[in-house]
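Dear colleague,

I am handing over the structure below, together with some notes on how a few of its strands are arranged. Please read them with the structure open beside you.

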Amino acid sequence: MIFRVARLTSLLLACAAQLAQAQRLPSEPIALADGRVTVSGDVTAGYGREDPGFFNYTDYEHSALRMFRVDVAAAVKAGPHFTVLGEIRTENLGAVQPYALFLRIRPWTTRDFDIQVGRVPPTFGAFARRTYANDNPLIGYPLGYQYLTTLRPDALPASADELLAKRGGGWLVHYTLGNPSFDPGVPLVSAFRWDTGVQAHATVGMLSAAAAVTSGTVSNPLFTDDNHGRQIATRVELRPVVGLILGTSFARGPFVSQSAAEAAVGDANVPDFTQTAWGADTEYSRDHYLLRFEAIVSRWVLPNEPAPAPLVTLQMPLTAVSLSTEGRYKLRPDFYLAARYDRLGFSDETATVGTLPWDAVVNRVEVGGGYSIQRNLLLKASFQYDHREGGRLQSLAYLPAVQLVFWF
Amino acid sequence: MEDTPRTQRARTAFRGRPGRLVWVWTLALLTFVSVVFIRPQKPLNAARPGAIRGRVELRRPAAPAERRPSVADLGTPVARDMPDLLRSVVYLESAPRGAFDTNESGHAVMDQRNETFVPHVLAITTGTTVDFPNSDKFYHNVFSLSKTRQFDLGRYAAGNSRPVRFDRAGIVRVFCDIHSHMNAYIIVFSHPFFAMTDAEGHYRIENVPPGTYGVIAWNEGTLSETRPITVPDGGIAEADFTVR
């Protein structure tokens with residue numbers, strides 16, 4: 001397998017070098033109508049070892065290590081106060097998904113204050129706004145934003161025993177309450193789907209803050225509401241010195257869909273079944289290095305009607321904690337090295353089999369680097385080690401991967 | 001300490017013939033005086049340098065690089081300056097004889113101000129060191145992947161500056177790793193016969209020895225056709241160009 005990846009790396013490198021030499025690939029966004037319309041694109045082609053443990057599957061059901069992704073983003077300026085921004089995306093040549101579409105309003109051109117309405121960028125956390133491949137020094141994503149837990153908003157476990165039986169199987173899970181079909185679970189925070197609602201953002205000096213009211217939750221952003229509830233999300237960012245960013249985030253909203261809640265408890269008060277998330281992140285960069293740290297704590301409250309004996313009733317809340325730290329160092333103008341460590345932990349839940357974390361704890365180490373063939377053509381290679389403490393799926397994975405990134 | 005055979009031979013030589021030492025010192029003194037105090041006189045019939053002047057007209061000026069749509073941002077990005085893309089560089093395709101006799105290592109500055117490199121185009125000679133001060137309140141990361149000169153200055157804060165020396169002739173494209181719309185050109189010449197145009201497109205190349213040269217105008221990566229220009233003795237040659 002290593003040889004196959006190495007062969008593919010050299011093939012990708014040769015193709016990219018040919019491309020770079022044969023023609024000048026566009027390196028700037030396309031501007032139309034005197035700069036009022038700008039269009040940019042990101043094309044990512046990645047290939048890695050098969051991932052039978054489903055460590056890298058995203059909520060679009062594709063492995064992040066084996067993905068061909070095309071993003072096209074556009075901004076249309078309609079005067080100094082209004083801009084329409086949108087982005088469409090396709091993964092593995094599948095259906096084109098509208099990823100973002102919103103109106104940005106700047107009421108006062110002299111003040112750093114904006115209102116965004118529509119399918120808006122994530123308010124919560126730091127990583128969700130840099131998912132473009134050229135912003136991500138490695139190929140994989142932080143676990144907290146990508147790894148699929150066993151929780152679903154539209155299907156619910158009837159007991160602690162049923163929940164613990166699904167440990168480690170979040171890539172495809174089903175429960176007895178609610179939607180009976182097999183579907184993926186949710187990550188702590190989704191980096192790949194954006195929520196719909198209204199968002200306000202302001203910056204004063206070294207402090208910037210954002211708040212949003214949206215129809216989904218951070219783990220389950222929605223285009224159309226499924227529970228008549230609204231999520232409130234906030235983020236405060238402090239830049240005390242150049243190069244240092246300190247951020248905190250908070251989000252709370254009804255998580256369980258109306259239909260699932262009714263299936264579990266009949267005449268349910270859906271707003272009681274919430275996801276609450278807290279985040280803290282920091283970034284420091286200087287000279288040729290960049291360090292990032294991000295922690296997320298997510299707490300779900302699901303319906304927990306008494307389970308029939310001998311099964312054990314679910315104890316709420318269900319908590320998950322994600323820790324992620326990454327670093328990048330540029331060795332040469334065209335070459336950098338990067339590494340990331342992730343840990344995703346879960347609170348204990350007691351069932352007839354004993355007391356266990358409600359989902360299997362996962363650790364991930366990824367190391368790699370990137371070589372710039374030209375300014376906007378980057379070849380990345382990485383090696384990922386994943387370990388899952390429990391579950392029925394493969395618990396260990398060694399995943400080499402390569403990725404070619406082109407952007408304009 | 002014992003003398004080495006070579007020292008002994010030298011002592012014997014000077015002891016035996018003291019007049020030789022006087023001659024050596026006299027010769028050294030004369031050489032020093034002639035080098036330091038006597039300047040070479042220009043021949044009376046030497047050719048006087050001339051100049052080339054004219055104007056570069058841009059048919060369709062280049063558009064500045066736009067920001068990438070800030071779809072993932074929570075608000076509007078800060079306002080920035082627009083680079084001056086109207087400046088062109090006019091230069092001799094081949095240098096006159098003697099152009100490389102003096103190669104002074106100069107200094108130039110390319111500032112980073114309001115997310116723009118200022119100036120957008122910098123024309124320098126080989127051996128020049130360019131300083132890249134950061135005049136913004138946030139980081140920039142100046143780098144180039146050009147074959148003429150690869151460098152990456154890393155991230156440094158406002159008020160700081162980092163230098164890069166350019167020893168090879170060629171075109172260097174300069175970018176910021178953080179702000180993808182920031183770009184600039186540094187054009188490194190191995191001779192001093194070049195000039196930047198002013199805001200109206202006028203230029204003047206001074207001190208060109210009389211002769212016939214190929215002259216080219218450059219703007220934002222586009223070259224004019226090479227024009228043969230004859231510089232008269234002590235006179236001025238005119239040449240206008242149209243680019244793009």
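To begin with the pairing in chain B of this predicted model, strand β7 (residues 128-133) of chain B is joined to β10(B) by six bridges, and the two strands are paired in the antiparallel sense. Within this pair, the residue that stands opposite D131(B) is P163(B), which belongs to β10(B).

Both strands are part of an open sheet of three strands in chain B, whose order is β3-β7-β10 and whose pairing is mixed. At the edges of the sheet lie β3 (107-109) and β10 (161-166) of chain B, each of which pairs on one side only. On average, neighbouring strands of this sheet are turned by 25° against each other, if direction is ignored.

A second place to look at is strand β12 (residues 183-189) of chain B, which has pairing partners in β6(B) and in β11(B). With strand β6 (residues 121-125) of chain B, β12(B) runs parallel, and five bridges join the two; here T125(B) has F189(B) as its bridge partner in β12(B). With strand β11 (residues 170-176) of chain B, by contrast, β12(B) runs antiparallel, and six bridges join them, V172(B) having I186(B) as its bridge partner in β12(B). β11(B) and β12(B) also form a hairpin, with six residues between them.

Is β12(B) largely enclosed or open to the outside? Because six of its seven residues are buried, β12(B) is largely enclosed by the rest of the structure.

With best regards

Notes. Residues numbered from 1 in each chain as written. Chains lettered and ligands numbered in written order. Predicted model: local features only at pLDDT ≥ 70, side-chain atom pairs only at ≥ 80, totals over all residues. Buried ≥ 20, exposed ≤ 12 C-beta atoms within 10 Å, placed from the backbone. Helix = DSSP H or I, 4+ residues; strand = E, 2+ residues; numbered from the N terminus. Pairing = 2+ DSSP bridges. Axes fitted to C-alpha atoms, helices over the stretch in contact; angles between N-to-C directions.
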